[in-house]
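Colleague: Hey, can you walk me through this one? I'm new to reading structures.

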Amino acid sequence: MVTLQVARPLVRMNEYRPLISSSLGRLKLVNVAVNNAIGLKWSCGGCRFCCYAVATGFFQPFKALTNNCSAIHGKGCHETSTGGKSTNIVWHDCPIGKPQREKLIQQKGCVIWITGLSGSGKSTLACALSQGLHSRRKLTYVLDGDNIRHGLNSDLSFESKDRAENIRRIGEVASLFADAGIICIASLISPFRKDRDACRALLAEGDFIEVFLDVPLKVCEARDPKGLYKLSRAGKIQGFTGIDDPYEEPLNCEILLQYKEGICSSPNEMAEEVISYLEERGYLQN
């Protein structure tokens, strides 16, 4: 018989919870109201039973038990954690997950991350790719860098710190789309490898597909579809990627689309190359 003791809790009787462990036998009724006082570290299936106290070491025998709370009452056990400025948060699982959603829509969720200089054709490729997949009855969503700044990221500037936050937010949103089973197409300059790699780390292995649209600066500047290169050269825009701010080319991208010797594939041709990659790796079926 294992008895868990606490010092004279002032509680109502309905605040007690019984727990059963096949390995330790029946645990005595324990007062949940003293969780914080004895150092709550775990929340088990919503009943907020304290399994592990750090302060005294008295509860150390129960540490192993908390690593498998399902052995107690068949429910999952989650550790309270901190995310950014948020504290005491617990991940809540749902029985419908990514595999179930993918099975429903007959495709596999992923992120196609198109990177390259301004004017390289990222947005055009993203739309052509979305059209090509739509014609195959596949569900996509395009996250365009400029479009996102009209809403979600309208509070961000083009200072280096805000540019990194812009990428981070888009990466998080893209990963949610992928988790929903959707093929998310993110189209934005994203000039720094560390920011792109951080977005890659949000997804499972293989679900982040980096597409580098490798078009020379002189070609992008000659196109200048938004007139931004002209403004940058005139000194009216500071920190413009490719002019007075660096662009770090991907080192190990999944797909490389190059402008070679004055020849550039059409957006539809490039889109088909990406679609072939998805087909070969089973993303268009489930």
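Colleague: How many residues of strand β9 are buried?
Modeller: In β9, which covers residues 183–187, 5 of its 5 residues are buried. Buried means under 20% relative accessible area, with a 1.4 Å probe and protein chains only. Strands (E, at least two residues) and helices (H or I, at least four) are DSSP runs, numbered from the N terminus.

Colleague: Is this an experiment or a prediction?
Modeller: This is a predicted model, where local features need pLDDT of at least 70, side-chain atom pairs count only at pLDDT 80 or more, and totals for chains, interfaces and linings use all residues. Residues are numbered from 1 along each chain as its sequence is written, and side-chain values use heavy atoms, leaving out hydrogens and water.

Colleague: Back to β9. Which residues point which way?
Modeller: Ile 183, Ile 185 and Ser 187 point one way, while Cys 184 and Ala 186 point the other way.

Colleague: And which strands pair with β9?
Modeller: Strand β7 (residues 110–115) runs parallel to β9, joined by 5 bridges. Strand β8 (residues 140–144) also pairs with β9 in the parallel sense, over 5 bridges. Two strands count as paired if DSSP finds at least two bridges between them.

Colleague: What stands opposite Ser 187?
Modeller: Ile 114 does, and so does Asp 144.

Colleague: New topic: which residues touch the most others in the largest nonpolar core?
Modeller: That core has 32 residues, and Ile 112, Leu 125, Leu 129, Ile 209, Val 211 and Leu 278 touch the most other members. Helix α10 (267–280) is one of the elements that supply at least two residues each, and α10 gives the largest share, 6 residues. A nonpolar core is a set of buried Ala, Val, Leu, Ile, Met, Phe, Trp, Tyr and Cys residues joined through side-chain atoms within 4.5 Å.

Colleague: What is Leu 278 in contact with?
Modeller: Leaving aside neighbours within four places in sequence, Leu 278 is in contact (heavy atoms within 4.5 Å) with Cys 110, Ile 112, Leu 133, Ile 209, Tyr 283 and Leu 284. Another core, of 14 residues, lies apart from the largest one and includes Val 111 and Cys 184.

Colleague: Okay, helix α6. How far apart are its end C-alpha atoms?
Modeller: They are 29 Å apart, which agrees with the 28 Å expected for its 20 residues at 1.5 Å a residue. The expected span is 1.5 Å times one less than the number of residues.

Colleague: What covers its buried residues?
Modeller: The cover for α6 includes α3, β7, β8, α5, β9 and α7. Among the buried residues of α6 are Arg 163, Asn 166 and Ala 174.

Definitions and conventions. Buried < 20%, exposed > 50% of the residue type's maximum accessible area, 1.4 Å probe, protein only.
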